[in-house]
Amino acid sequence: MEPVDTDVTGPDEHDGDAPPAGQAGDGPDGAPTLGDLLLAVEELWPESLAEGWDEVGLVAGHPASPVTKVMFAVDPTLEVIEEAVEWGAELLITHHPLLLKGVTSVAATTPKGRAVHRLIESGTALLTVHTNGDSAVGGVSDVLADALGLRDVAPLTLAANGLPEEGIGRVGDLEDAMSLGDFAARVFGILPSVAGGVRVSGDKDGLVRRIAVCGGAGDSLFNEVRASNADVYVTADLRHHPASEAREAALNGRPYLVDVSHFASEWLWLPAAAAALGNVLADQGLDVDIQVSTTNSDPWDFILTPG
Ligand SMILES: [Zn+2]
């Protein structure tokens with residue numbers, strides 16, 4: 001599988017003033033600690049924004065440990081963990097949880113157990129920023145909306161514990177109407193290249209302007225998408241029945257559907273998240289090297305299509 005092309009711009013240079021004792025940067029030689037990183041992450045993507053069913057936050061790691069290198073990735077797969085360990089990251093931040101359901105063993109005889117062992121044995125902390133990262137301003141769907149050029153963007157559903165601009169999914173308007181075919185090409189152009197490409201349901205020549213997006217699997221939001229009067233819904237993992245029923249219920253053929261790779265739709269957030277975290281740390285005088293994983297963890301490798 002081709003590695004993902006990453007081009008992350010780090011935070012601006014800062015003066016590097018040592019923070020006062022007992023404050024951020026309390027690790028050996030003034031290095032930031034994992035605890036400092038947790039505070040910065042909480043500032044950007046508060047755990048209170050996570051959905052009730054979700055499991056976010058620290059999965060492995062000592063808050064007192066120093067952190068000089070942080071890697072962002074979508075999935076905590078073994079390949080991603082190896083990449084982080086090899087680079088020397090003391091903290092891996094992934095969008096998807098490693099342990100979402102209860103476990104009774106982390107023996108290294110299972111893939112998840114091997115992941116836990118590799119993390120702990122290599123001294124690499126793991127932190128999950130999942131639906132809190134979806135919901136926050138600058139979150140997964142915000143970044144997707146921004147990359148598509150949407151304006152006057154609002155959430156599709158409001159976060160239970162958040163501000164009016166926080167919640168799952170986004171809806172907004174293109175500056176000018178364009179054909180569904182051209183819009184699909186725009187979607188294809190902003191996402192990292194993956195085997196599954198982009199699938200579209202609707203009239204290729206139909207004009208679209210109001211666009212709903214939900215990074216990751218968004219087939220639970222069709223009611224909200226219809227209520228938003230969107231011409232198109234861009235999301236991932238659309239299954240036959242929800243997609244087919246949404247098309248049957250469409251008024252004047254809308255909303256059209258654009259189904260993208262779950263991985264690709266969420267990967268887009270990683271460079272933005274890395275830059276945001278870098279800026280928060282730089283504001284505190286903390287110097288941390290932040291990179292985005294180049295591992296493509298989309299599970300699909302090739303596709304056959306007619307013609
Ligand atoms: Zn996801």
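In the predicted model, strand 2 (residues 69-73) runs parallel to strand 11, and the two pair over four bridges. Within this pairing, valine 70 has isoleucine 290 of strand 11 as its bridge partner. Both strands belong to an open sheet of five strands, ordered 1-4-3-2-11. The pairing in this sheet is mixed. Strand 1 (57-60) and strand 11 (289-292) form the edges, and each pairs on one side only. On average, neighbouring strands of the sheet are turned by 25° against each other, with direction ignored.

A second open sheet contains six strands in the order 5-6-8-9-10-7. Its pairing is also mixed. Here the edges are strand 5 (151-158) and strand 7 (199-201), each paired on one side only. From one strand to the next, the twist averages 25°. Inside this sheet, strand 9 (residues 232-236) and strand 10 (residues 256-260) are parallel partners joined over five bridges. Tyrosine 233 faces leucine 257, which lies in strand 10.

Two helices pack on the six-stranded sheet. Helix 5 (residues 140-147) touches strand 5, strand 6 (167-179) and strand 8 (207-217). The direction of helix 5 makes about 150° with that of strand 8. Helix 6 (residues 180-190) touches strand 6, strand 7, strand 8, strand 9 and strand 10. Relative to strand 6, the direction of helix 6 makes about 125°.

Helix pairs were examined next. Two packed helices are described by the angle between their axes and the distance between the axes. Helix 2 (residues 78-87) packs against helix 3 (residues 111-122) at an angle of about 10°, and their axes lie 10 Å apart. Because angles under 35 degrees count as roughly parallel, helix 2 is roughly parallel to helix 3. From helix 2, the contact takes Leu78, Ile81 and Val85. These meet Pro111, Arg114, Ala115, Arg118, Leu119 and Ser122 of helix 3. By class, the contact of helix 2 with helix 3 holds six nonpolar residues, one polar and two charged.

Helix 1 (residues 34-44) and helix 10 also have axes 10 Å apart, with a packing angle of about 120°. This angle makes helix 1 oblique to helix 10. The crossing of the two helices is right-handed. Helix 1 contributes Ala40, Val41, Glu43 and Leu44. Their counterparts in helix 10 are Ala276, Leu277, Val280 and Leu281. The contact of helix 1 with helix 10 comprises seven nonpolar residues, one charged and no polar.

At the level of domains, the assignment of the protein gives domain 1 (28-133 + 266-292) and domain 2 (137-260). The C-alpha centres of domain 1 and domain 2 are 28 Å apart. Nine residues of domain 1 and 15 residues of domain 2 take part in the contact. On the side of domain 1 that touches domain 2, helix 9 (262-267) and helix 10 (269-283) are the elements that give two or more residues. Helix 10 gives the most to that side, with three residues. The side of domain 1 that touches domain 2 divides by class into six nonpolar, two polar and one charged residues. Helix 10 thus appears both in the packing with helix 1 and on the side of domain 1 that touches domain 2.

Definitions and conventions
Residues are numbered from 1 along each chain as its sequence is written. This is a predicted model: local features need pLDDT of at least 70, side-chain atom pairs count only at pLDDT 80 or more; totals for chains, interfaces and linings use all residues. Two strands pair if DSSP finds at least two bridges between them. Axes are lines fitted to C-alpha atoms, for helices over the stretch in contact, and angles run from 0 to 180 degrees between N-to-C directions. Two residues are in contact if their C-beta atoms, placed from the backbone, lie within 7 Å. Domain bounds come from an automatic or database domain assignment. Ala, Val, Leu, Ile, Met, Phe, Trp, Tyr, Cys and Pro count as nonpolar, Asp, Glu, Lys and Arg as charged, and the others, Gly among them, as polar. Angles under 35 degrees count as roughly parallel, over 145 as roughly antiparallel, 65 to 115 as roughly perpendicular and the rest as oblique. A crossing is left-handed if the near helix is turned anticlockwise from the far one by less than a right angle, and right-handed if clockwise.
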